Amino acid sequence: MTDPIADYLTRIRNAVMAKHKVVEIPASNMKKDMTKILFEKGYILNYKFEEEGPQGSIKIALKYNPETKMNAIKSLKRISKPGLRKYVDGHHLPRVLNGLGVAILSTSQGLMTDKEARNLGIGGEVLCYVY
């Protein structure tokens, strides 16, 4: 697999479109950190890391509105790709939907959102946009 982060985002996107309650994804440390960020920002209901086999897996419970059946995640968009990496400095951090969405960045201090990186004044690689 050449781009595991794009595979992670695509699996979540497909599960949301198919109205699945749970999606299972092969685990890695970066995917675990991205899952934690999605949970902290309220885009997913819950998650569980399972350590079965050599790699393990992540089970993600997707979040839906109980009345309208609308999902919390409207869009997941991969920004930095293996063929074209996108880096930003601390002064040019992206704002997703004027602050309503979240950009996930890989920085020297680990994975974090654009708001956290803006507060710390550091930049990094823009992995994806979520809104």
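## A tour by salt bridge and helix

Start by selecting Glu125 and Arg85: their side chains meet in a salt bridge, 3.0 Å from N to O. (A salt bridge here is a side-chain nitrogen of Lys or Arg within 4 Å of a carboxyl oxygen of Asp or Glu.) This pair ties together distant parts of the chain, 40 residues apart: Glu125 sits in strand β8 (residues 124-130), and Arg85 in the loop between β4 (76-78) and β5 (87-88). Colour the two by accessibility and they part ways: Glu125 is buried at 11% relative accessible area, while Arg85 is partly exposed at 41%. (Buried means under 20% relative accessible area, exposed over 50%, and partly exposed in between, with a 1.4 Å probe and protein chains only.)

Before going on, some housekeeping. You're looking at a predicted model, in which local features need pLDDT of at least 70 and side-chain atom pairs count only at pLDDT 80 or more, while totals for chains, interfaces and linings use all residues. Residues are numbered from 1 along each chain as its sequence is written, and side-chain values use heavy atoms, with hydrogens and water left out.

**Zoom out.** Switch to cartoon and you should find three helices and eight strands. (Both are DSSP runs numbered from the N terminus: helices are H or I with at least four residues, strands are E with at least two.) Walking from the N terminus, the order is α-β-α-β-β-β-β-β-β-α-β. The radius of gyration is 15 Å, close to the 14 Å that the globule rule gives for 131 residues, so the protein is as compact as a globular protein of that length. (That radius is taken over C-alpha atoms, and the rule is 2.2 Å times the number of residues to the power 0.38.) Of the 131 residues, 40% count as buried.

**Select Asp7 and Arg11.** Here's another salt bridge, with the closest N and O atoms 2.9 Å apart. Both residues lie in helix α1 (residues 4-17), four residues apart, or about one turn of the helix. Arg11 is partly exposed, at 32% relative accessible area.

**Stay in α1 and pick Leu9.** Leu9 belongs to helix α1 and is buried, with just 1% relative accessible area. What does Leu9 contact, leaving aside its neighbours within four places in sequence? Show Met34, Leu76, Lys77, Arg78 and Cys128. (Contact means heavy atoms within 4.5 Å.) Now draw a C-alpha to C-alpha distance from Leu9 to Val130: they are 121 residues apart in sequence and 9.7 Å apart in space.

**Hop to Lys31.** This one is in helix α2 (residues 29-40). Lys31 is buried yet has no salt bridge; the nearest side chain of opposite charge, Asp7, is 4.7 Å away. Leaving out neighbours within four places in sequence, Lys31 touches Pro4, Tyr8, Ile25, Pro26 and Ile58.

**Next, Lys48, Glu50 and Lys59.** Show these three as sticks: they are linked in a network of salt bridges. Between Lys48 and Glu50, the closest N and O atoms are 3.9 Å apart. Is Glu50 buried or exposed? Buried, at 14% relative accessible area.

**Last stop: the whole set.** Searching the entire structure turns up seven salt bridges. To finish, place the 21 positive and 13 negative charges: their mean positions are 6 Å apart. (Lys and Arg count as positive, Asp and Glu as negative, with His and the chain ends not counted; each charge is placed at NZ of Lys, CZ of Arg, CG of Asp or CD of Glu.)
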